[in-house]
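Reader: Please give me a close look at one buried spot in this model, starting from a single residue and what it touches, and then connect that spot to the rest of the chain. I would rather have one long, careful answer than a list.

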Amino acid sequence: MKPRLVWLILCFIWGSTWLFIKIGLNDLPPLTFAGIRFVIAAIVLFSLIAVRRVPLPSKGRDVVFLAVTGVLSFSLNYGLVFWGEQYITSGLAALLQSTLPAFGLIIAHLYLPGERMTLAKIAGVLLGVIGVGVIFSNQLQVSGPRALWGSAALVLSAFCAAYANVLVKARGGSLDPAILAGGQMFFGLIPLLIFGIAFEGNPLHFRWTRMAVVALFYLAIVGSVVAFMLYYWLVQHMDVTKTMLIALVTPVTAVILGMIVLKEHLDWRTLAGGAMIISGIGLIILRRSKKPDTEIVSTG
């Protein structure tokens with residue numbers, strides 16, 4: 001398979017996940033919805049691990065590492081994403097979560113010696129922050145307090161995911177990619193299901209419409225398993241700088257799909273703020289080193 005084709009497929013998959021999250025949230029509560037998504041994905045991943053006979057981590061520190069990064073990447077990140085997207089459009093959610101590379105750059109400065117801040121990187125971060133401020137400036141007035149809190153949840157989710165990504169780059173290099181993804185999902189889905197069932201009720205009593213089931217399995221199989229397998233393959237066959245450009249295309253894809261399928265409307269502040277965020281990310285990405293261990297990509 002050609003790297004450019006895989007790159008385009010990933011841009012579409014990760015851009016479309018925001019649409020399917022929004023569709024699923026019409027019928028399913030957020031935390032349990034996210035938890036069940038990763039139950040299905042983890043079962044598939046561990047089945048592949050068993051077929052490939054990849055050894056499971058035996059060291060206690062590796063298990064603790066997977067647990068910590070799993071809670072950050074999946075419990076907090078996706079819990080906030082699914083909760084926040086109840087109150088904002090799928091396109092806006094993708095735009096706000098695309099601040100992940102900016103947070104990653106700041107956190108990497110503390111953990112990765114080769115990832116120091118430069119004037120160009122600082123300018124990119126500031127541009128992204130201003131873009132978020134522009135978007136926030138009218139959320140309370142136009143959409144109410146829930147939209148404002150939903151927007152804040154997406155930004156916080158980006159911070160949690162960025163922190164986990166940097167920790168993986170700094171300390172997870174010895175673990176197989178399938179073990180990383182599967183282990184993080186396993187530990188991350190546990191808090192999602194515990195809190196989800198406690199506060200949202202028995203999943204058997206949910207409104208399991210056909211579209212909810214389609215959204216769930218699309219997110220689990222295509223958005224999680226297939227996307228991560230393609231992504232790890234792409235990292236080995238394409239320049240890192242080019243793979244990082246997925247972070248620029250994903251929110252654009254999400255916005256377009258939201259407008260076409262869900263008839264979502266974006267006001268000028270969202271468009272202007274989104275343009276600032278994407279420009280800031282572009283400035284960061286295009287100025288970054290081409291070393292494989294510096295890659296941070298936003299997903300949904």
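**A leucine and its partners**

Author: Once residues up to four places away in sequence are set aside, L230 is in contact with V6, I9, L10 and I13. This is a predicted model, and the contacts should be read as features of that prediction. L230 belongs to helix α10, which runs over residues 210-237, and one of its partners, L10, is 220 residues away in sequence although the two C-alpha atoms are 7.4 Å apart in space. L230 counts as buried because its relative accessible area is 16%, under the 20% cut-off. C11, whose number follows that of L10, is also buried, because its relative accessibility is 4%.

The setting for this spot is a chain with 13 helices and zero strands, in which 54% of the 300 residues are buried. Among contacts with a separation of 6 or more, 89% join residues 24 or more positions apart, and the pair L230 and L10, at 220 residues apart, is one that has such a separation. The chain exposes about 13500 Å², and carbon and sulfur atoms supply 70% of that area.

From there one can turn to the nonpolar interior. The largest nonpolar core holds 52 residues, and those touching the most other members are F33, F82, L96 and M185. F33, with its neighbours within four places left aside, is in contact with F20, I21, G24, L25, L28, F82, A215, L216 and L219. A second core, separate from that one, has 14 residues, including V54, F65, C160 and L175. C160 is buried because its relative accessible area is 8%. A search of the whole structure for disulfides finds zero.

Helix α3 deserves a look of its own. Its 25 residues, 60-84, should span 36 Å at 1.5 Å a residue, and because its end C-alpha atoms are 34 Å apart, the expected and modelled lengths agree. The helix nevertheless has a kink of about 35 degrees, centred on V71. S75 is also placed in α3, and S75 counts as buried because its relative accessibility is 9%. Leaving out residues up to four places away, S75 touches G70, L80, F187, G188, P191 and L192.

Two loop residues complete the picture. Most residues other than glycine have a negative phi. R53, although not a glycine, has a positive phi of about 60 degrees; R53 lies in the loop between α2, residues 30-52, and α3. R53 counts as exposed because its relative accessibility is 76%. K263, likewise not a glycine, has a positive phi of about 60 degrees, and K263 sits in the loop between α12, residues 246-261, and α13, residues 268-286. K263 counts as exposed because its relative accessibility is 58%. L230, where this account began, is by contrast buried at 16%.

Definitions and conventions
Residues are numbered from 1 along each chain as its sequence is written. This is a predicted model: local features need pLDDT of at least 70, side-chain atom pairs count only at pLDDT 80 or more; totals for chains, interfaces and linings use all residues. Side-chain values use heavy atoms; hydrogens and water are left out. Helices (H or I, at least four residues) and strands (E, at least two) are DSSP runs, numbered from the N terminus. The expected span of a helix is 1.5 Å times one less than its number of residues. The bend at a residue is the angle between axes fitted to the seven residues ending there and the seven starting there. A nonpolar core is a set of buried Ala, Val, Leu, Ile, Met, Phe, Trp, Tyr and Cys residues joined through side-chain atoms within 4.5 Å. Buried means under 20% relative accessible area, exposed over 50%, partly exposed in between (1.4 Å probe, protein chains only). Contact means heavy atoms within 4.5 Å. A disulfide is a pair of cysteine sulfur atoms within 2.5 Å. Accessible areas come from the Shrake-Rupley method with a 1.4 Å probe; for residues, only the protein chains shown count as cover.
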